[in-house]
Amino acid sequence: MLKQVTPILLVAAVTACSTPIDRRQANGNDEYANVTAQPKLVIPAGLNQPKYNTEYDIPEVGSKVDKTLVGKKLDIRPPLQVLPMAEGTHVEESSDSIKIVVESIDNDIDLRNEMFSILDEYFSRHEIKILKEDRESGVIETDWIENQEIIDSSMWGSDEVYSVRQRYRFSVNVRPHGRSGNLAIELIEHEESFDGKAQDILLTGEDKRRYTVDMLNNTIAYMSVKRAKAIKAKRLRESLGIDVALVKAAEVAENETPEQSFWLADAGYSRTWDRLRIVLPEMGFEIVDMDSNKGLYYINVSDDSGFWSSLWSDKKLPIKEGSYRLQIEQDTNDETKTRIYLKDKEDSPVSNEVVEAVYDGMAELMSEDRKVR
């Protein structure tokens, strides 16, 4: 027995969507804008005036408000805000311009190059072509960026499409010290069309701000992803141990003065500096102050950590408690290595015996791989 199959009737489904213009306006008509205030009741002489409820009274409009923006002319959309989502970014207070402040998160990376690199990748990822650019002045102008939205769709008929085309100017400004700068965006051209017909749109200041803030937030969101990856990669690099060798005074070249034993880290200056900031407190060396430009750590030595007690059964430090300095220098023979000198508070070298005695504890902690959090 054959089972009868009921034919399927396909019906064209037309989805009526609102246009971007409609979304700016309140639903329904705007007859409310023509409503006039009703006069109060006229009470004959000798009778008491009734009590009026003022709960729903509409306050007077301020002098800065455009009183012509009523009915369909009033934009009901909530304002957009600049969102500093990326690490090291923030909005400059009391600034009317649409920009975001960007600070360096890695001294080893040139901030200006980082910002341009992120913009290049963002444009490439979203297939945004560049019309003009001047890297020296920090200005990039995009070609037309087109976004299309289907307003009415039919299975048999052609779609009605609302199109918005825009061009933006990106401005990168980095301060002379290179540690901070800002990224600003400006909408320079705008066109709209519906079903192939150009729309006569006069953008208000709020319209331009909304579009520009949206583009800036999208760019910063991409920067957030890139910076998060960079931070994780840096933490992974920093988690790896650094081998430290002991160079005794007898092995120091004759032309080097003074002839003092020192530690030689198998890493560049910056990485060695950052690693010591983690290791020194674990060794019982309290960091009192530091000056990365001079390569100096000012430390106090105590055995509160118990680290040295775990290495020596007699529980005595191989160095007297007190104030010391740690001098960090790039190796003169190999820039990929860093020298570490231990000096007293008067900036005089400590004895070679002390340097050699502290070496085992120093090398152990410096060479440990750390877990990335």
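**Exercise 1. How many helices and how many strands are there in the chain?**

Let's start with an overview; keep in mind that this is a predicted model.

*Solution.*
- Step 1: Count the helices, and you arrive at 5 in the chain.
- Step 2: Do likewise for the strands, which number 15.

**Exercise 2. Work out what share of the chain is buried, and describe its surface and contacts.**

*Solution.*
- Step 1: Take the 373 residues of the chain; 32% of them are buried, where buried means a relative accessible area under 20%.
- Step 2: Turn to the surface. The accessible surface of the chain is about 24800 Å², and carbon and sulfur atoms hold 50% of that area.
- Step 3: Look at the contacts with a separation of 6 or more: 59% of these join residues 24 or more positions apart.

**Exercise 3. Place Glu127 in the chain and decide whether it is buried or exposed.**

*Solution.*
- Step 1: Find the loop between helix H1 (111–125) and strand E4 (130–134); Glu127 sits there.
- Step 2: Check the backbone. Phi of Glu127 is near 55°, a positive value in a residue that is not glycine.
- Step 3: Apply the cut-off. Glu127 has a relative accessible area of 72%, and exposed means over 50%, so Glu127 is exposed.

**Exercise 4. Treat Asp195 in the same manner: where is it, and how accessible is it?**

*Solution.*
- Step 1: Asp195 lies in the loop that links strand E8 (180–194) and strand E9 (197–198).
- Step 2: Phi of Asp195 is near 55°, again positive in a non-glycine residue.
- Step 3: The relative accessible area of Asp195 is 41%. That value falls between the 20% and 50% cut-offs, so Asp195 is partly exposed.

How values were computed
Residues are numbered from 1 along each chain as its sequence is written. This is a predicted model: local features need pLDDT of at least 70, side-chain atom pairs count only at pLDDT 80 or more; totals for chains, interfaces and linings use all residues. Side-chain values use heavy atoms; hydrogens and water are left out. Helices (H or I, at least four residues) and strands (E, at least two) are DSSP runs, numbered from the N terminus. Buried means under 20% relative accessible area, exposed over 50%, partly exposed in between (1.4 Å probe, protein chains only). Contact means heavy atoms within 4.5 Å. Accessible areas come from the Shrake-Rupley method with a 1.4 Å probe; for residues, only the protein chains shown count as cover.
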